[in-house]
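Student: I have a model open and want to go through it with you. Can we start with one residue and work outwards?

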Amino acid sequence: MICLDAVSKAKWPKGPECPRCESKRLSFVRTRLTWTCLECRKQFSVKVGTIFEDSPIGLDKWLCAMWLLANCKNGVSSYEVARDLKVTQKTAWFMLHRIRYAQHHGSINKMTGKVEADETFIGGEARNMHANKRAEKIHGRGPNGKAIVFGLLDRETGKVHATVVGTRRKYHLHSEIRKHVAPGAELNTDALKSYDGLDEYTHKVVDHAETYVDGTVHTNRLENSWSLLKRAIRGTYVSVEPFHLFRYLDEQSFRYNERHDTDRNRFQNVLNSVGGKRLTWNRLTCQEEG
């Protein structure tokens, strides 16, 4: 009942309501922990319309997994969750991806003030690969065989936004910058030529071949975020498939953005975001579109 009350309050701040007809004339069925709508006569549980929907796993285990993923600084593996919660590794993996979905927060507010922009590569190092795998994935120098992650950090708020991009060319980087940074902001980047042409911003460049900090011009805070991301991937998750990488970015961005908050508040922030989000197994494993 404690877990049910916690999820119910997060989902319905003004009290339970029917997900079909939105009526508040309800009867609680204590033996089944569900509600019956007195208007449409349908039964529903608190899981309907959340990341928990259609899951046979109890809320007590769901909330434990949510606490672990929100507060473990280097993430938590599905094998560890499976051992702790007494579920299969496959179930734990599915649960963690659903929680990462709840951790995703889109924003229509553009970054202003001083903003850092940088990109990094995610993928196995060539020296750690088997010779056959290295020949298959690595061709020449550069980011071949690796995923490219682009990030923006607002120095005023300390919030970071990270996303997977196709290339480091102007088209992809300029598109992300203009989407998330307001014109007139001060943009701090390295000397990559793809950043040239952003005339609507006060563009300041630090050449890493010469120095990493030039007064207040640097990308050090964003690079600190990259180090935390790579520590989690290499130390906890070991290997991340490229088509799931954006979910791990959501997880790491959430923890980084909420790093000054308490464990309790981080957990509550995730819990408050479970409504209106559903991730099915087929969608997660790319067996259905959308």
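**Notes on the model**

Tutor: Ser225 is buried, with a relative accessible area of 4%. Bear in mind that this is a predicted model.

Student: Where is Ser225 found?

Tutor: Ser225 sits in helix H7, which covers residues 220–237.

Student: And what does Ser225 touch, leaving out residues up to four places away in sequence?

Tutor: Ser225 touches Val160 and Tyr256.

Student: Ok, zooming out. How many helices and strands does the chain have?

Tutor: The chain has ten helices and eight strands. Its C-alpha trace spans about 70 × 50 × 35 Å along the principal axes.

Student: What share of the residues is buried?

Tutor: Of the 290 residues in the chain, 43% are buried. The accessible surface is about 15,900 Å², and carbon and sulfur atoms hold 49% of that.

Student: What about contacts with a separation of 6 or more: what part comes from residues 24 or more positions apart?

Tutor: Those residues account for 60% of such contacts.

Student: Sheets next. In what order do S1, S2 and S3 come?

Tutor: The order is S1-S2-S3, in an open sheet with antiparallel pairing. Strands S1 (26–29) and S3 (43–44) stand at the edges with a single partner strand each, so each has one side without a neighbour in the sheet.

Student: How many bridges join S1 to S2?

Tutor: Four bridges join S1 to S2, the strand at residues 34–37. In one of the pairs, Leu26 has Cys37 in S2 as its bridge partner.

Student: And S5 with S6, which way do they run?

Tutor: S5 and S6 run antiparallel, joined by six bridges. Leu152 stands opposite His161 in S6.

Student: What is between the strands in that hairpin?

Tutor: Five residues lie between S5 and S6, and Gly158 in this hairpin takes a positive phi near 75 degrees.

Student: Switching to charges. How many salt bridges does a search of the whole structure find?

Tutor: The search finds twelve salt bridges. One of them joins Arg25 and Glu39, with the closest N and O atoms 2.9 Å apart. Arg25 is in the loop between helix H1 (2–11) and S1, Glu39 is in the loop between S2 and S3, and the two are 14 residues apart.

Student: Are Arg25 and Glu39 buried or exposed?

Tutor: Neither word fits, because Arg25 is partly exposed at a relative accessible area of 46%. Glu39 is also partly exposed, with a relative accessible area of 46%.

Student: What does Glu119 pair with?

Tutor: Glu119 forms a salt bridge with Arg168, the closest N and O atoms being 3.4 Å apart. That pair links distant parts of the chain: Glu119 is in strand S4 (residues 114–122), while Arg168 is in the loop between strand S6 (160–165) and helix H6 (170–180), 49 residues apart.

Student: Is Glu119 buried or exposed?

Tutor: Glu119 counts as buried, at 9% relative accessibility. Its partner Arg168 is partly exposed, with a relative accessible area of 28%.

Student: Which residue does Glu258 meet in a salt bridge?

Tutor: Glu258 meets Lys159, at 3.7 Å from N to O. Glu258 lies in the loop between helix H8 (245–257) and helix H9 (263–271), and Lys159 in the loop between strand S5 (147–154) and S6, so the pair ties together parts that are 99 residues apart in sequence.

Student: How accessible are Glu258 and Lys159?

Tutor: Glu258 has a relative accessible area of 18% and is buried. Lys159 is partly exposed at 33% relative accessibility.

Student: Which residues are linked in a network of salt bridges?

Tutor: Glu53, Asp54 and Arg278 form such a network.

Student: Last topic, H9. Which of its residues are buried?

Tutor: Arg266, Phe267, Val270 and Leu271 are the buried residues of H9. They cover an arc of only 140 degrees around the axis, so they lie on the same side of H9.

Student: Why would residues three or four places apart point the same way?

Tutor: An α-helix has 3.6 residues a turn, so residues at that spacing point the same way.

Student: And what do the buried residues of H9 pack against?

Tutor: The buried residues of H9 pack against four helices, namely H1, H2 (59–71), H4 (89–103) and H8.

How values were computed
Residues are numbered from 1 along each chain as its sequence is written. This is a predicted model: local features need pLDDT of at least 70, side-chain atom pairs count only at pLDDT 80 or more; totals for chains, interfaces and linings use all residues. Side-chain values use heavy atoms; hydrogens and water are left out. Two strands pair if DSSP finds at least two bridges between them. A salt bridge is a side-chain nitrogen of Lys or Arg within 4 Å of a carboxyl oxygen of Asp or Glu. Buried means under 20% relative accessible area, exposed over 50%, partly exposed in between (1.4 Å probe, protein chains only). The arc is that of the directions from the helix axis to the C-beta atoms. Contact means heavy atoms within 4.5 Å. Accessible areas come from the Shrake-Rupley method with a 1.4 Å probe; for residues, only the protein chains shown count as cover.
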